[in-house]
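Visitor: I would like a close look at one part of this protein. Please keep it brisk and stay with what the model shows.

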Amino acid sequence: MEIAVLGGGNGSYAAAIDLTEKGHHVRLWRRNQEAFSSVLEKQAIQVKDSKGTRMVPLKMATSDLKEAVKGADLIVIPLPAFTQRTVAKKLAPVLENGQVIFLPPGTFGSYLMARVLVEEGCNAEVVFAETGTLPYLARKHDEQTVSISGRATRLPTGVFPSGQSDHAFGILQKAYPSIEPIEDALDGALMNAGPIIHPPLIIMNAGPIEHFEKWDIHDEGTQPSIRNVHRSLDGERIKIREALDYSPPHFPLEDHYSDEGEEWMYGDGAHEELVDGEDWYEKLDLKTHRYMQEDIVCGLAFLVSLADWLNIKTPTATGLLAIASSIIDKDLREIGRTMENLNLSSLSKEELKEILENGIKQYEIQ
C-alpha cells in the first residue's frame with residue numbers, strides 16, 4: 001500500500017520504519033530540510049529495537065509535501081496536536097479523493113482538520129481517523145536514528161465522518177492490524193491517554209523537573225500519590241464518555257499499570273518495559289514540551305470544556321488545568337482546544353452526533 005508519513009518527530013520516524021518493514025511503500029515528509037538532510041541524503045533511517053540496530057531504506061524521503069502525498073492511500077500524521085491546523089492548511093491543495101488521514105492520537109484533530117479543509121476550499125473527499133495513543137514507544141537519538149522500545153497491541157480508533165467508517169477501516173487495518181473500530185472520532189478522542197497520563201506527571205513533578213538536569217517522570221516520577229490522581233482524572237474521562245453514550249471498553253489507564261485488568265493499548269507489562277529503558281530519562285521544559293502544549297493545552301482543555309458542556313463536574317481535570325495555566329501564565333480554559341474555540345459549544349448532543357456521522361457542511365462554518 002502507498003503510505004505517506006508526515007513529520008520529523010519520534011512517532012513519524014517510528015511509523016516510517018514500522019510500515020516499511022511491514023512491506024508498504026512509505027514516503028516520509030519533513031518540512032525542516034536542514035534537520036532532515038541526513039535522511040534525505042541516505043533515503044533511509046536507522047532503527048534500534050529488540051531485533052538490533054539496522055538501516056531501513058524508505059521508498060522516499062522528501063521535503064516536498066505534494067510529492068509525498070500524491071497517490072497515497074493512507075496519510076499517517078503522528079505530529080503534535082498543536083500542529084494540526086497548520087498541517088491541514090498545507091494539505092488542502094494537495095489532497096486527493098478517497099485518502100484516509102490517520103491521527104495517532106488525534107485530540108479531536110479529526111474535526112479540527114476537517115473544518116480547516118472546508119475553510120480552505122479543499123474539494124477532495126477525504127476521511128479522518130484518530131486513536132488513543134501513538135502506536136509506538138519511541139525516542140529519536142539523533143536526526144538519523146530512532147529507538148522503538150514498544151508497539152501498541154490495541155488501537156481503539158474512530159472515524160470522521162463515521163458514515164465513512166467501512167472505507168477507512170478497510171485501509172487502516174492493512175497498515176495497523178491492531179486497530180479496533182469504535183463509534184466515531186469523538187469516541188477515539190476520548191480514548192487519548194496523553195491528557196490523562198502526562199498532566200499529573202509533569203505538574204506534580206514540577207520541582208524535580210526544574211531542579212535536575214534530567215528526570216524520568218515514568219519511573220522516579222510515578223509515585224502512589226500521583227497514581228491516585230491518575231485514577232481520579234481517568235474516572236472523569238470515563239464519566240464524560242458515559243454521558244455521551246459511548247460503550248465499554250473504556251480502556252481505563254489502570255490497565256496500563258497493572259497486569260490484572262484487560263490488556264491495555266500497549267499490552268501487558270508495557271509500563272515495566274517503559275521504565276526499564278533510559279529513553280525517557282530526559283530534560284523537560286515545562287512551558288514548551290508537548291506534554292504541556294499538546295496534552296494539556298489541547299487535550300486537558302478539551303476534556304474540561306466537554307465536561308462543562310455536558311454539565312459534569314470534573315474537579316481533578318479542572319484543577320490540573322488551572323495549575324498548568326499558572327505555570328505557563330496563560331488561561332488555558334480560555335485559549336486551549338475547547339468546545340467554544342471549536343465552535344461546537346452551542347450544539348446539542350444530537351446535533352454534535354449528526355456532524356460526527358455526516359461530516360461538516362460549508363454552511364455550518366459560516
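Does Asp-245 count as buried or exposed, and what surrounds that part of the chain?

Guide: This is a predicted model. Asp-245 counts as exposed, because its relative accessibility is 53% and the cut-off for exposed is over 50%. Its place is the loop between helix 10 and helix 11.

The backbone at Asp-245 deserves a look. Its phi is positive, about 70 degrees, although the residue is not a glycine. Most residues other than glycine have a negative phi, and most peptide bonds are trans. The loop between helix 10 and helix 11 also holds Pro-249. The peptide bond from Pro-248 to Pro-249 is cis, with omega near 0 degrees.

Now step back to helix 10, residues 224–243. Helix 10 packs with helix 8 at an angle of about 145 degrees. The two axes are 9 Å apart. Their crossing is right-handed. From helix 8, the contact takes Pro-195, Ile-196, Ile-197, Pro-200 and Leu-201. From helix 10, it takes Ile-226, Val-229, His-230, Leu-233, Asp-234 and Arg-237. By class, eight of these residues are nonpolar, one is polar and two are charged.

Helix 8 itself spans residues 194–203. Ten of its ten residues are buried, so helix 8 is largely enclosed by the rest of the structure. The buried run includes Gly-194, His-198 and Ile-203. What do the buried residues of helix 8 pack against? The partners are helix 9 (206–211), helix 10, helix 11, helix 13 (290–293), helix 14 and helix 15 (315–328). Helix 10 and helix 11, which flank the loop of Asp-245, are thus both on that list.

Take helix 14 next, residues 295–309. The axes of helix 8 and helix 14 come within 9 Å and cross at roughly 120 degrees. That angle makes helix 8 oblique to helix 14. The crossing is left-handed. Helix 8 brings Gly-194, Pro-195, Ile-196, His-198, Pro-199, Ile-202 and Ile-203 to the contact. Helix 14 brings Asp-295, Ile-296, Gly-299, Leu-300 and Leu-303. The classes here are eight nonpolar, three polar and one charged. Pro-195 and Ile-196 of helix 8 appear in the contact with helix 14 and also in the contact with helix 10.

Helix 5 offers a second enclosed helix. It covers residues 109–119. Ten of its eleven residues are buried, so helix 5 is largely enclosed by the rest of the structure. Arg-115 is one of the buried residues, as are Tyr-111 and Met-113. The cover includes helix 4 (84–91), strand 7 (100–103), strand 8, strand 11 (155–160), helix 7 (185–189) and helix 17 (349–358).

Both ends of helix 5 have a backbone feature to check. Phe-108 lies in the loop between strand 7 and helix 5. Its phi is near 65 degrees, a positive value in a residue other than glycine. Unlike the exposed Asp-245, Phe-108 is buried, with a relative accessible area of 1%. Just after helix 5, Gly-121 takes a positive phi of about 80 degrees.

Strand 11, part of the cover of helix 5, leads to another cis bond. Phe-160 and Pro-161 are joined by a cis peptide bond, with omega about -10 degrees. Pro-161 is found in the loop between strand 11 and helix 6 (165–175).

Strand 8 is also part of that cover. Leu-134 lies in the loop between strand 8 (127–131) and strand 9 (136–140). Leu-134 counts as buried, because its relative accessibility is 18% and the cut-off is under 20%. Leaving aside residues up to four places away in sequence, Leu-134 touches Gly-11, Pro-78, Pro-104, Pro-105, Ala-152 and Tyr-266. From Leu-134 to Ile-75 is 59 residues in sequence and 15 Å in space, C-alpha to C-alpha.

Finish in strand 9, where Arg-139 sits. Arg-139 counts as buried at 15% relative accessibility. Its side chain makes a polar contact with the side chain of Tyr-291, at 3.0 Å.

Terms used: Residues numbered from 1 in each chain as written. Heavy atoms only, no water. Helix = DSSP H or I, 4+ residues; strand = E, 2+ residues; numbered from the N terminus. Buried < 20%, exposed > 50% of the residue type's maximum accessible area, 1.4 Å probe, protein only. Contact = heavy atoms within 4.5 Å. Axes fitted to C-alpha atoms, helices over the stretch in contact; angles between N-to-C directions. Parallel < 35°, antiparallel > 145°, perpendicular 65-115°, else oblique. Left-handed = near helix turned anticlockwise from the far one by under 90°. Nonpolar A, V, L, I, M, F, W, Y, C, P; charged D, E, K, R; others polar. Polar contact = N/O pair within 3.5 Å; in protein donor to acceptor, adjacent residues only side chain to side chain.
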